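The following exercises concern one protein model. Work through each task with the structure in view before reading the solution.

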Amino acid sequence: MAGGVSANGTGAPPQAGVLEGVNPIAYSPSNPITLFIIQASSPDPLRLLNQPRVIAEVIGGILLGPSVMMRIPGFKDTIFPTASMPVFSNVANLGLLIFLFLVALEVDIRLFTQNWKAALSVGFAGMILPFGLGFGIAWGIYHQFLVGTTDDPISFGVFGLFIGTALAITAFPVLCRILSELNLLRSGVGVTVLAAGIGNDVTGWILLALCVALVNNSNGLAALWALLCCIGWTLLLVFAVRPPFIWVLRRTGSLQNGPTQGMVALTMLMVLASAWFTGIIGVHPIFGAFLVGLICPHDGGFAIKLTEKIEDLISVLFLPLYFALSGLNTNLGLLSDGITWAYVIGIIACAFVGKIAGGTLAARGNKLLWRESFTIGCLMSCKGLVELIVLNIGYQAGILSETTFSMFVVMALVTTVATTPLTKALYPPWYQKKVERWRRGEIDWDGNPTVEPGQEPPKTVESQIRRLMVHLRLDSLPSLFTFITLLSPEAPAVSSHPEAAEETSKGSEVVQIKKRPLEVHGLRVLELTDRTSSVMHLTEGEDFYSLRDPVVNAFRTFSQLHDVAVSGRVAVVPADSYAETLMTQASEVSSDFALIPWGEYGSVSEDQSFPVAMSASERFRSSTHLDFINQTLEKAAYTCNAGIFIDNGFGGITKPVDRPELIRSKSAISIRSYRAEPAALPVANKSHHLFLPFLGGPDDRVAARLVLQLAKNAHVTASIIHIIPPPPPPNRAQPPSPPPMAPHPRPQIQHKPHPPPPHHNHPRTLPDEPQSDATFLTNLRAALPTSLATRVVFAEHILSSSSPISPPSPSHLSLAPASPATTPGWCHRRQEEQGRLQQQEQERGGAGLSSSVLEEIVMLAQKTVGQRVKNAGMWLFWAEGWAWPG
């Protein structure tokens, strides 16, 4: 039976498909979708290659072509028959049009105008030198592979112009992604490369349009008319189309709130109309789509929001089809002799030498360091998918033959793959930090501090937090606000009216001595993905979002109203760089303490779509979030003290555990008049009771000092309970232990308060020196001021359980007891002490806090606080200089 007709050839085609024996992959002009689905699905498995997406897609297309898969007998006629290629090509080129529109949306001309001097010099030098080298090598390629091999070769002038343009162009979209991956977008190198790349990109497309116009028109006069029409169309778009387009966007609110569905349709219609016009005048349709992207406004984030709506479909479906189509035209088997590979190596050398030399010399002329200049040159040599688009246009226009096309595809792959390793080798992170410190004047070029050792101010170890670094999250703002309220000093008295204050101040001068305010530095971290819109967030500038981000502004305003010196900014980084970014910020601001809230929904990134109810077990199951916490604590060991805050309603909001159920009841109130949630009354009781089970160690000492600092607030009381393990049973040998550095009394009564300490008017600064826990608590009580003596209680509790106490493993971290603003701290020893501790734990018969010990501490917290342990905040402390147990 045939694929589309009945057996006798006279009946209707079978309607049951494979059930009637129809070949499922046979091409049918009346129903081409079945074979197209198979063709579109072919590149997808090849994305599993461990390479950037563009490289994987290009290699996948090459594997599908005559280089590999089409060598299989019957593969081309079955999967890519000649009759089906028009449908495949139309869909691929439609995706190419919209992709070039997205590329133009990514180009922000403001970045070029703000850095025009460096952009112009680096961009010009980065184009003129490779263009000259390309024009030179084009002479040999033209006479070796075109003259005598084709019946009607194009003129050498057009061929040399195209080869020079192909070597001079820089892939701006891939360049943005490489800079974002290496965290260089906001550096001096990144800004220079981006600004130069914009000018390079636009100039390259203009030269390519000139090449295509010269090829597609029979004589020079017709090509001139085509270029004049293209220039006139550009002016029409800029001065006649753009102003009313922006007016319509403002009228519909699309400029402020993102494009509506109608505006997206209007924009796509403009893209297709412009592409149609540039196509009929003899210039490729992609130039029309590119021009519409250039006239779209960037005000209000319109370009970013428009990109978010259409980028996924283009990058996932349409663009891979174009790379597959490009791979079908690439035949590496034609590169079969020595002279061909010699020209391939020469093309690669011209591409590298021209770009690197031109960009390096121009950057050095702008007073950049030699290493920075070489980095700029290497980045400008990136070709990427823009080069492949240029090569495909040249192949379709008849400028390149199949052999020369394959040669330049190899050059594009090599230059793109080599860009990232070369940049990492020339401009590593340690060198970036060294240059930054050198330019700030902190060190000389050899790395020596510029300040003499005797002139350095002495570093005093403070017992209180003066600089706090906070990881800002939208779901943790209520609890963070509550914490800052407790930690900030008491608000001053309300000032009198200015006229009354002026009368009372006459004849008397009052000098007010202001105390040093608490400094809080907030950092909101947003995830940087491989999407175009995510990269555009960075190219718009982090400073732009730091000034307008609602979370940062709410945090900044709240802190200032509570007499706190505050700063806040936004960082857009990859998810695996969150921990490093937070600790780098803590180091830059010389933070005493870093506060990291646990995600409300157990995720590293913030999901702002809509809140969902999540149980406690689901909240702590995310392996990604646990890895982020572990990385943060590991890096905090060498930076500052850190606390992981797990909020269960500390900010005053009770969070549901399960989804609400529908309640059925009889009522005379109609549904329309029923109010589901009445207005919440003001909080009458603003008191907080802090409960700290002190287990010992440097982390618990940090926790105890923080509890005392929080207790300075008039609404806070605290209980610091020293947890003492029970004495060993008589029939069990006591393991040897190192002698204590100070006496450690252990009374045999449970929960007995210490005698009141002598009062002091001011707390004393306690050095963080090695000492026993009992001596530390004794000194801490002795340093209490009079105002805290009645609100802070020190006590001891001897565990009744026989289970040992030792530093808990990471699996116990989320099981610690908590009460309102509970602050248990866990001690983590140095690496050299781990062997001794583990041996002692094994001799004592276990490790970590057993369930019985945890239950006893929870019961003690309930007895002390006087309520059940709920709506709690829990803290896990990490002391400076102490490492995570391996």
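**Exercise 1: the setting of a strand**

In this predicted model, N641, G643, F645 and D647 point to one side of strand β5, while A642, I644 and I646 point to the other, and all of them are buried.

Task. Determine how far β5 is enclosed, and in which sense β4 and β5 pair.

Solution.
1. Strand β5 spans residues 641-647. A residue counts as buried when its relative accessible area is under 20%.
2. Seven of the seven residues of β5 meet this criterion, so the strand is largely enclosed by the rest of the structure.
3. Strand β4, residues 593-597, pairs with β5 in the parallel sense, over five bridges.
4. Within this pairing, I596 has I644 of β5 as its bridge partner. I644 is on the side of β5 to which A642 and I646 also point.

**Exercise 2: a helix pair**

Task. Classify the packing of helices α12 and α13 from the angle between them, and state which residues make the contact.

Solution.
1. Two packed helices are described by the angle between their axes and the distance separating those axes.
2. For α12 (residues 261-280) and α13 (residues 285-295), the angle is about 140° and the axes are 6 Å apart.
3. Angles over 145 degrees count as roughly antiparallel, and those of 65 to 115 as roughly perpendicular. The two helices are therefore oblique to each other.
4. The crossing of α12 and α13 is right-handed.
5. On α12, the contact involves M270, V271, S274, A275, T278 and G279; on α13, it involves P285, F287, G288, A289, V292 and I295.

How values were computed
Residues are numbered from 1 along each chain as its sequence is written. This is a predicted model: local features need pLDDT of at least 70, side-chain atom pairs count only at pLDDT 80 or more; totals for chains, interfaces and linings use all residues. Side-chain values use heavy atoms; hydrogens and water are left out. Buried means under 20% relative accessible area, exposed over 50%, partly exposed in between (1.4 Å probe, protein chains only). Helices (H or I, at least four residues) and strands (E, at least two) are DSSP runs, numbered from the N terminus. Two strands pair if DSSP finds at least two bridges between them. Axes are lines fitted to C-alpha atoms, for helices over the stretch in contact, and angles run from 0 to 180 degrees between N-to-C directions. Angles under 35 degrees count as roughly parallel, over 145 as roughly antiparallel, 65 to 115 as roughly perpendicular and the rest as oblique. A crossing is left-handed if the near helix is turned anticlockwise from the far one by less than a right angle, and right-handed if clockwise. Contact means heavy atoms within 4.5 Å.
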